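Reader: I am new to this structure and would like to understand the reasons behind the terms that are used for it. Could you show it to me and then take my questions in turn?

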Amino acid sequence: MRSRGSNNRLSSSRSAFQWRISSLILSMFATMAAFFVASRLWQEAESRVYLVKELDRRTGQGESAISVDDTLKVIECREQRKRMDMLQKELDEAKKEGFVPKNRLESRGDGEKKKLLAVVGILTGFGRRHNRDAIRKAWMPTGRIPFPFVRTTLTKLEEEKGIIIRFVIGRSSNHGNNSDSDIINENERTNDFLILNDHVESLEQPIKTKSFFVDALEHWDAEFYVKVNDDIYLNIAALGAILSTHVNKPRAYIGCMKSGGVFSKPSDRWYEPEWWKFGDKKSYFRHASGEIFAVSRALAQFISINKSILRAYAHDDVSVGSWFIGLDVKHIDEGKFCCSSWSSGAICAAS
């Protein structure tokens, strides 16, 4: 009997000890959980206080009753504003490089912008007034239309056909001399010049052609930019009809495509100083004849953006053709642009 009682007392003591251990463990877990929750609440409180103080510091205000959510929204809006400012700076840089035009064509009656079909640049020079007057009499619109309101026939062509025509000329090496004054006086009377202020007229023709594309792109937003010599007679209506068929080609290079031998003798009329770059056979790559050719807006943008690194050879037609080698460009061999061949249906003729 005594042995059985002793066993009962031992079992009771063991149960009490196990209960105390379990209670102690639960108390420890509860304490740890309480510390964890308190720590998180403290951190969140510190974050809220920091956000409120940061807003006060940025806005220059004292005590603020604004909520944390509103504070976060204000900070996010300011970050968005910073990103917009950065994008605006990038856009301004693109405008400076000619990638985005500063001026667009005048609005139509419904307020929408109308894109030009083509800008035609007739490259001319000092002492070639006779050629310019011949072109004005033969195929370039001149004069004024008095009814229903005064406007020039050039303006009428721009509004109705979307075609801009300008004589293209640079400045003299001595700015403001008689040559410059003569061009300024002529332009005041005719208003049909695009004067390249950054180009010296004595420089090579390829550099002038490059400057024309850069300046024309800066002034007008068009599908095509067309270079023409000032000894070419051109059918403007036919030119517009041909260009209209290629509007859907974003990288079009249109002209009378040709190739031929490279002249390596200095006595040759078409001498190429860097003839050795064209290989042992001395043959030019395929390119458009220089009398008239057209490039699409995308290619004019390429020329404008890369103007400082594009290599100029002795002739502008070869130079322009070289700029497009390696690009995904659509070379369009348009027989009607062959002015010297007197081919059937040609839209131009060399004088």
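Author: What follows is a conversation about the sheet, the disulfides, the salt bridges and the aromatic pairs of this model, which is a predicted one.

Reader: What is the strand order of the open sheet, and which strands are its edge strands?

Author: The open sheet has 7 strands in the order E5-E4-E1-E6-E9-E8-E10, and their pairing is mixed. Strand E5 (193-200) and strand E10 (330-333) are called edge strands, as each of them pairs on one side only. From one strand to the next, the twist averages 25°.

Reader: What makes strand E1 and strand E6 a pair?

Author: Two strands pair if at least two bridges are found between them, and strand E1 (residues 116-123) and strand E6 (residues 222-229) are joined in the parallel sense over 7 bridges, so the two strands count as a pair. Within this pairing, Leu116 stands opposite Ala222 in E6.

Reader: Which strands does helix H3 touch, and which does helix H6 touch?

Author: Helix H3 packs on the sheet and touches E1, strand E4 (163-171) and E5, and the direction of H3 makes about 175° with that of E4. Helix H6 (residues 205-219) also packs on the sheet, where H6 touches E1, E4, E5, E6 and strand E9 (287-296), and its direction makes about 125° with that of E5.

Reader: How do you know that Cys256 and Cys338 form a disulfide?

Author: The sulfur atoms of a disulfide must lie within 2.5 Å of each other, and those of Cys256 and Cys338 are 2.0 Å apart, so the pair meets the cut-off. The angle about the S-S bond is 95°, and this link is right-handed. Cys256 lies in strand E8 whereas Cys338 lies in the loop between E10 and strand E11 (348-350), so the disulfide ties together parts that are 82 residues apart in sequence. Both Cys256 and Cys338 are buried.

Reader: Why is the disulfide of Cys339 and Cys348 called left-handed?

Author: The torsion about the S-S bond of Cys339 and Cys348 is about -95°, and therefore this disulfide is left-handed. The distance from S to S is 2.0 Å here, and Cys339 and Cys348 are both buried. The count of disulfides comes to 2, and when the bonded cysteines are numbered in sequence order, the pairing reads 1-2, 3-4.

Reader: What makes the contact of Glu186 and Arg132 a salt bridge?

Author: A salt bridge requires a side-chain nitrogen of Lys or Arg within 4 Å of a carboxyl oxygen of Asp or Glu, and the distance from N to O between Glu186 and Arg132 is 3.0 Å, so the name applies. This pair links distant parts of the chain, with Glu186 in helix H5 (residues 178-190) and Arg132 in helix H3 (residues 129-138), 54 residues apart. Glu186 also meets Arg136 in a salt bridge, at 2.9 Å from N to O. Glu186 is buried, as is Arg132, and Arg136 is buried too. These residues belong to a network of salt bridges that links Arg129, Arg132, Asp133, Arg136, Glu186 and Asp192.

Reader: Why is Asp317 called buried, and why is Lys258 called partly exposed?

Author: Buried means under 20% relative accessible area, exposed means over 50%, and partly exposed is in between. Asp317 has 10%, so Asp317 is buried, while Lys258 has 33% and therefore counts as partly exposed. The side chains of Asp317 and Lys258 meet in a salt bridge of 3.5 Å, N to O.

Reader: Why is the pair of Phe167 and Phe193 described as tilted?

Author: Planes under 30 degrees apart count as stacked, those over 60 as edge-to-face and the rest as tilted. The ring planes of Phe167 and Phe193 are at 45°, with the centres 5.8 Å apart, so this pair is tilted. Phe167 is in strand E4 and Phe193 in strand E5, 26 residues apart, and both residues are buried.

Reader: How do you know that Phe213 and Phe293 are buried?

Author: The cut-off for buried is under 20%; Phe213 has a relative accessible area of 0%, and Phe293 has 0% as well, so both count as buried. Phe213 and Phe293 form a tilted aromatic pair, 6.3 Å from centre to centre and with 45° between the planes. One aromatic cluster is formed by Phe212, Phe213, Tyr253, Phe293 and Phe324.

Definitions and conventions
Residues numbered from 1 in each chain as written. Predicted model: local features only at pLDDT ≥ 70, side-chain atom pairs only at ≥ 80, totals over all residues. Heavy atoms only, no water. Helix = DSSP H or I, 4+ residues; strand = E, 2+ residues; numbered from the N terminus. Buried < 20%, exposed > 50% of the residue type's maximum accessible area, 1.4 Å probe, protein only. Axes fitted to C-alpha atoms, helices over the stretch in contact; angles between N-to-C directions. Contact = heavy atoms within 4.5 Å. Phe/Tyr/Trp six-rings, centres within 6.5 Å; stacked < 30°, edge-to-face > 60°.
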